[in-house]
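Here is a small set of exercises, each with a worked solution to follow step by step. Keep the viewer open and try each task before reading on.

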Amino acid sequence: MNLERYFETRKIEETTQIGFIDFDLDIVPPKLFEYKNLKILYLSHNNLKMLPPEFSNLINLIYLSMAFNKFETLPNAVFNLTNLKTLN
């Protein structure tokens, strides 16, 4: 699915869960940071090597899946997600 189309089908203020599983992503789509009510985010099975600093603005995340990417270390942005309960 085209990422632009993916975001067009979701209402920013109502979306609490997004899944980008096996989307072959190299970067986190900047549009994602507009979704302030996200609680669950799946980014597994991509080609991510880092998370941008803006990632820590997703303060409502309680579940984050980012397994099977190309991270060498746990990104610093994750440590600022104070509501995060589960990291996969």
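**Exercise 1.** Find the residues that make the nonpolar surface patch of about 290 Å².

*Solution.* Leu 74, Phe 79 and Leu 87 make this patch. A patch takes residues with over 30% relative accessible area and no salt bridge, joining like charges within 9 Å and nonpolar side chains (Val, Leu, Ile, Met, Phe, Trp, Tyr) within 5 Å. The areas come from the Shrake-Rupley method with a 1.4 Å probe, and for residues only the protein chains shown count as cover. Next, place Phe 79: the loop between β3 (63–65) and β4 (86–87) holds it. Phe 79 has a relative accessible area of 56% and is therefore exposed; the classes are buried under 20%, exposed over 50% and partly exposed in between (1.4 Å probe, protein chains only).

A word on the ground rules: this is a predicted model, in which local features need pLDDT of at least 70 and side-chain atom pairs count only at pLDDT 80 or more, while totals for chains, interfaces and linings use all residues. Residues are numbered from 1 along each chain as its sequence is written, and side-chain values use heavy atoms, with hydrogens and water left out.

**Exercise 2.** Work out the strand order of the sheet and say which strands stand at its edges.

*Solution.* Start with the strands, which are DSSP runs of E with at least two residues; helices are runs of H or I with at least four, and both are numbered from the N terminus. Four strands form an open sheet in the order β1-β2-β3-β4, with parallel pairing. β1 (17–19) and β4 are at the edges with a single partner strand each, so one side of each has no neighbour in the sheet. Pairing requires that DSSP finds at least two bridges between two strands. Now look at one pair: β1 and β2 (residues 40–42) run parallel and are joined by three bridges. One residue to check is Gly 19, whose bridge partner in β2 is Tyr 42.

**Exercise 3.** Which residues have the most contacts inside the largest nonpolar core?

*Solution.* This core has 23 residues, and those with the most contacts inside it are Ile 18, Leu 32, Leu 41, Leu 43, Phe 55 and Leu 64. A nonpolar core is a set of buried Ala, Val, Leu, Ile, Met, Phe, Trp, Tyr and Cys residues joined through side-chain atoms within 4.5 Å. Take Leu 43 next: not counting residues up to four places away in sequence, Leu 43 touches residues including Phe 20, Val 28, Phe 55, Leu 64 and Ser 65. Contact here means heavy atoms within 4.5 Å. Then move to Ser 65, which sits in strand β3. With a relative accessible area of 4%, Ser 65 is buried. Neighbours within four places aside, its contacts are Leu 41, Tyr 42, Leu 43, Ser 44 and Asn 88.

**Exercise 4.** Locate the two salt bridges in the structure.

*Solution.* The criterion is a side-chain nitrogen of Lys or Arg within 4 Å of a carboxyl oxygen of Asp or Glu. One salt bridge links Glu 8 with Arg 5 (3.9 Å, N to O). Both residues belong to helix α1 (residues 3–8) and are three residues apart, about one turn of the helix. Glu 8 is exposed, at 54% relative accessibility. Another salt bridge links Lys 31 with Glu 34 (3.0 Å, N to O). Lys 31 is partly exposed at 34%, and Glu 34 is partly exposed at 38%.

**Exercise 5.** Where do Asp 22 and His 45 lie, and what is the sign of phi at each?

*Solution.* Recall that most residues other than glycine have a negative phi. Asp 22, in the loop between β1 and β2, has a positive phi of about 60°. At 60% relative accessible area, Asp 22 is exposed. His 45 lies in the loop between β2 and β3 and has a positive phi of about 60° too, although it is not a glycine. His 45 is partly exposed, at 38%.

**Exercise 6.** Is Pro 52 buried or exposed, and what does it contact?

*Solution.* First find Pro 52 in the loop between β2 and β3. Its relative accessibility is 15%, so Pro 52 counts as buried. Apart from neighbours within four places in sequence, Pro 52 contacts Val 28, Phe 33 and Ala 77. Finally, Pro 52 and Pro 29 are 23 residues apart in sequence, with 10.0 Å between their C-alpha atoms.
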